[in-house]
Amino acid sequence: MKQLNISVGIIRNTNHEIFITQRDASSHMAGFWEFPGGKIESGETAAQALIRELQEEVGIDTRDPVAVRTLQHTFPDRIVNLHFFLVESWNGEPYGKEGQPKRWVAQSALKESDFPPANAEIILLLLAGKI
């Protein structure tokens, strides 16, 4: 079975709002909201991939990402290892660099059902204030 390693950025501002983007209609789990990030390339650490992906996807230069959790989720066609990082320091203003819908949402207003199932545990930790 195909196995993917993904770095994910939980971008949180000083108002405890989280920056999220919507998955493209042509992608796996299309239409769900997500924390920005992407595949870890050969030779990259999870943190290096996160910094590269956030620059490519939402146009920010990430500083000092903090690893918070790694989760594995098995789909019928793939296994996904998600490396979550808390990002509270960056240069630039995040936006949908690839034209994807985006928004800031209060951490306390995140909805588990808006995200792919693989994100459920992280959403619950954020809602509980544990991240």
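Histidine 16 is partly exposed, with a relative accessible area of 41%. In this predicted model, histidine 16 sits in the loop that links β1 and β2, and its phi is positive, about 60°, although the residue is not a glycine. That loop belongs to a hairpin: 4 residues lie between β1 and β2, and histidine 16 is in the turn. The two strands of this hairpin pair in the antiparallel sense over 2 bridges. If you would like one pair to look up, take isoleucine 11, whose bridge partner in β2 is phenylalanine 19.

Let's follow β1 itself, which spans residues 2-12. Of its 11 residues, 8 are buried, so the strand is largely enclosed by the rest of the structure. What does β1 pair with besides β2? One partner is β7, which pairs with β1 in the parallel sense over 10 bridges. Along this pairing, asparagine 5 stands opposite asparagine 81 in β7, and glycine 9 stands opposite phenylalanine 85. Another partner is β4, which runs antiparallel to β1 and is joined to it by 3 bridges. Here isoleucine 6 has lysine 39 of β4 as its bridge partner.

Now step across to β7, residues 78-87. How many of its residues are buried? The count is 10 of 10, so the strand is mostly covered by the definition of burial, under 20% relative accessible area. The cover extends to both faces: Arg78, Val80, Leu82, Phe84 and Leu86 are buried on one side, and Ile79, Asn81, His83, Phe85 and Val87 are buried on the other. Besides its parallel pairing with β1, β7 pairs with β6 in the antiparallel sense over 8 bridges. A hairpin through 3 residues joins β6 to β7, and leucine 71 stands opposite leucine 82 in this pair of strands.

Asparagine 81 deserves a stop of its own. This residue lies in strand β7 and counts as buried, at 10% relative accessibility. Which side chains does the side chain of asparagine 81 meet in polar contacts? One is the side chain of asparagine 5, at 3.1 Å, the residue that stands opposite asparagine 81 in the strand pairing. The other contact is with the side chain of glutamine 72, at 2.8 Å. Leaving aside residues up to four places away in sequence, asparagine 81 touches Gln3, Leu4, Asn5, Ile6, Leu71 and Gln72.

The same group of strands meets a helix. Helix α2 covers residues 120-127, and its buried residues are Ala120, Ile122, Ile123, Leu125 and Leu126. Why do such residues recur along a helix at these intervals? An α-helix has 3.6 residues a turn, so residues three or four places apart point the same way. The buried residues of α2 pack against β1, β6 and β7.

Just past α2 comes glycine 129, with a positive phi of about 75°. Glycine 129 is exposed, with a relative accessible area of 54%. For a sense of distance, glycine 129 and threonine 70 are 59 residues apart in sequence and 18 Å apart in space, taken from C-alpha to C-alpha.

Another loop is worth a look for its backbone. Aspartate 64 lies in the loop between β5 (61-62) and β6 (66-74). Its phi is positive, about 55°, although aspartate 64 is not a glycine. Is aspartate 64 buried or exposed? It is exposed, with a relative accessible area of 64%.

Finally, turn to the largest pocket, which holds about 730 Å³ of space. Its lining has 30 residues, and those nearest its centre are Ile6, Arg23, His28, Glu34 and Gly37. Several elements give two or more residues to this lining: β1, β2 (17-22), β4 (37-39), α1 (46-58) and β7. Which of them gives the largest share? That is β1, with 5 residues. By class, the lining is made up of 12 nonpolar, 9 polar and 9 charged residues. Ile6, one of the residues nearest the pocket centre, has already appeared as the bridge partner of lysine 39 in β4 and among the residues that asparagine 81 touches.

Key: Residues numbered from 1 in each chain as written. Predicted model: local features only at pLDDT ≥ 70, side-chain atom pairs only at ≥ 80, totals over all residues. Heavy atoms only, no water. 1 Å grid on protein atoms, 1.4 Å probe; cavity = no way out; pocket = protein on both sides within 12 Å on 5 of 7 lines; lining within 4 Å. Points joined across faces, edges and corners; volume = space filled by probe spheres on them. Nonpolar A, V, L, I, M, F, W, Y, C, P; charged D, E, K, R; others polar. Buried < 20%, exposed > 50% of the residue type's maximum accessible area, 1.4 Å probe, protein only. Pairing = 2+ DSSP bridges. Polar contact = N/O pair within 3.5 Å; in protein donor to acceptor, adjacent residues only side chain to side chain. Contact = heavy atoms within 4.5 Å.
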